[in-house]
Amino acid sequence: MQNESITGDPGKVKKSSLLFIFITVLIDLMGIAIIIPVIPILIEELTGQAINDAGFTGGILYSAFAVMQFLFAPLLGELSDRFGRRPVLFIALGGLGLDYIFQAFAPTLLWLFVGRILAGVCGASHTVAMAYVADVSTPENRAKNFGMIGAAFGMGFFLGPMLGGWCAEFGYQVPFLVAAGMALLNLLFGIFILPESLPKEKRRKMNWKNVIPGVSLASLAKYKTLGLLIAAFALVGLAGQVMPSVWTFYTMEAFGWGPKWVGISLGFIGLMVGLVQAMVTGWSVKKFGQKKVIMFGFILWTIGMFAIAQVGNQYILFIAMIPYIVGGIAQPTMQGFMSNSVGDSEQGNLQGALTSLMSLAAVFAPLIYTSIFQTYADRENPNYFPGAPFVAGGIILVAATMFAFFAIRSMGDEKSEPVIDGPELAE
């Protein structure tokens with residue numbers, strides 16, 4: 001059984017360890033994405049609601065999951081800084097596997113809500129996974145390794161919707177049971193191959209103030225321009241939530257798709273995001289530098305969002321997705337840049353804070369976007385425009401681009417950027 005700490009050069013960490021982290025994040029994201037293609041029909045079957053009402057109910061369901069991730073991501077990050085990454089990852093992953101089984105047999109909407117709440121608690125483990133990647137990465141390859149995690153996010157939104165859309169034909173329980181099996185098998189895999197990435201001498205006592213969601217951001221924001229980048233990161237998270245929030249309802253309304261085609265379309269997006277972030281991020285950073293990659297990605301993201309809102313043909317829709325997908329190289333690059341800006345003992349806190357921001361965005365975004373969709377997808381509305389939520393997302397991305405631009409403009413030569421190690425970060 002593998003339980004020793006990684007020592008020596010972090011750049012030489014075993015590939016099996018990074019593979020485990022990749023799979024862990026993949027399974028976390030599958031837990032979010034697996035019900036997206038079938039959520040309108042699932043809610044309708046459990047409650048008898050019409051699809052319009054099911055849309056807002058779905059928004060509340062997504063928000064319940066995100067609330068728990070927001071509350072528990074900082075706690076898991078702090079626990080991993082105190083006790084190590086390995087035990088926290090294993091407990092969360094085991095709980096997630098058992099919870100998938102619970103969700104598979106939820107008899108009512110209320111019990112489904114309970115299951116999604118528990119999934120949100122355990123799913124916050126990707127905070128610890130991010131910290132693990134930061135531990136085993138060098139400053140030179142952090143963007144590349146975070147790109148790998150970004151690829152896991154993309155693949156999660158590829159496999160989750162595909163399972164949700166296709167396996168629903170055999171019963172709604174099937175995709176949940178498949179995800180449970182994957183989580184528990186990955187736990188077994190990790191117990192035997194995953195070394196601890198945080199040596200005991202680098203661990204620190206729990207800072208209970210940091211456990212309060214968002215508190216850690218107050219101390220991090222004062223370091224140089226990190227606050228502006230965190231703001232841009234948060235806005236990107238808010239804009240990106242338009243996809244899981246309304247994509248199913250939007251494509252069903254605009255193009256008459258069913259769960260199968262919703263799953264295929266989300267699978268296409270997830271697969272391409274995974275490929276782009278895994279294969280292009282490291283190369284583009286090496287060739288153009290982090291700053292240019294971040295700005296180029298933000299611009300493409302914005303163009304893609306507005307394009308998706310405007311298309312009236314389902315085939316052109318796939319073309320409109322391309323700039324949005326390629327723009328995804330900005331997120332792992334920006335995250336790697338911020339990771340390089342704090343000391344080793346604070347990686348868990350940083351990743352917990354960033355995950356909390358993403359989760360906070362996921363709390364409010366589904367309610368915002370499903371409300372916009374409910375209003376503008378009403379066929380009796382003289383301003384009928386089902387793509388309106390994506391216009392809102394595009395406007396948010398414009399603001400995020402401005403934050404990123406001013407943050408990057410105020411920085412010096414990125415090759416000479418020091419690691420930030422202020423008084424709160426000192427050992």
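Of the 427 residues of the protein, 60% count as buried, where buried denotes a relative accessible area under 20%, exposed over 50% and partly exposed the range in between, computed with a 1.4 Å probe on protein chains only. The model is predicted, so local features require pLDDT of at least 70 and side-chain atom pairs count only at pLDDT 80 or more, whereas totals for chains, interfaces and linings use all residues. Residues are numbered from 1 along each chain as its sequence is written, and side-chain values use heavy atoms, with hydrogens and water left out.

The protein contains 19 helices and zero strands; both element types are DSSP runs numbered from the N terminus, helices being H or I runs of at least four residues and strands E runs of at least two. With contact defined as heavy atoms within 4.5 Å, residues 24 or more positions apart account for 85% of the contacts in the protein that have a separation of 6 or more.

Helix 6 (residues 126-135) and helix 4 (residues 85-104) have axes that come within 10 Å and cross at roughly 150 degrees. Helix 4 is therefore roughly antiparallel to helix 6. Axes are lines fitted to C-alpha atoms, for helices over the stretch in contact, and angles between N-to-C directions run from 0 to 180 degrees; angles under 35 degrees count as roughly parallel, over 145 as roughly antiparallel, 65 to 115 as roughly perpendicular and the rest as oblique. The crossing of helix 4 and helix 6 is left-handed, a term for a near helix turned anticlockwise from the far one by less than a right angle, with clockwise giving right-handed. On the helix 4 side, R85, V88 and L89 meet V128, A129, A131, Y132 and D135 of helix 6. The residues of this contact of helix 4 with helix 6 comprise six nonpolar, no polar and two charged. In this classification Ala, Val, Leu, Ile, Met, Phe, Trp, Tyr, Cys and Pro are nonpolar, Asp, Glu, Lys and Arg are charged, and the others, Gly among them, are polar. Helix 6 is largely enclosed by the rest of the structure, because 10 of its 10 residues are buried.

Side chains of opposite charge can pair when their charged atoms come close. A salt bridge is taken as a side-chain nitrogen of Lys or Arg within 4 Å of a carboxyl oxygen of Asp or Glu, and the count by this rule is three. In one of them, R85 and D135 meet with an N to O distance of 2.7 Å. This pair links distant parts of the chain, R85 belonging to helix 4 and D135 to helix 6, 50 residues apart. The relative accessible area is 0% for R85 and 15% for D135, and both residues are buried. R85 also forms a salt bridge with D81, with the closest N and O atoms 2.7 Å apart; D81 is likewise buried.

The remaining salt bridge joins R379 and E253, again with 2.7 Å between the closest N and O atoms. R379 lies in the loop between helix 18 (347-376) and helix 19 (388-409), and E253 in helix 12 (residues 242-255), so the pair ties together parts 126 residues apart in sequence. Salt bridges with shared partners join D81, R85 and D135 into one network. R379 is exposed, with a relative accessible area of 63%.K202 is placed in the loop between helix 8 (173-193) and helix 9 (208-211) and is partly exposed at 34% relative accessibility. The C-alpha atoms of K202 and D81 are 8.3 Å apart in space, with the two positions 121 residues apart in sequence.

A104, in helix 4, is buried with a relative accessible area of 7%. Apart from neighbours within four places in sequence, A104 is in contact with Q173, F176 and L177. The C-alpha atoms of A104 and L177 are separated by 6.5 Å, the residues being 73 apart along the chain.

Helix 15 (residues 290-310) and helix 17 (residues 330-339) have axes that come within 8 Å and cross at roughly 145 degrees, in a left-handed crossing. Helix 15 contributes Q290, V293, I294, G297, F298 and W301 to the contact, and helix 17 contributes A330, Q331, T333, M334, G336 and F337. By class, the contact of helix 15 with helix 17 has seven nonpolar, five polar and no charged residues. S284, found in helix 14 (residues 281-288), is buried at a relative accessible area of 4%. Neighbours within four places in sequence aside, S284 is in contact with G289, V293 and I329.
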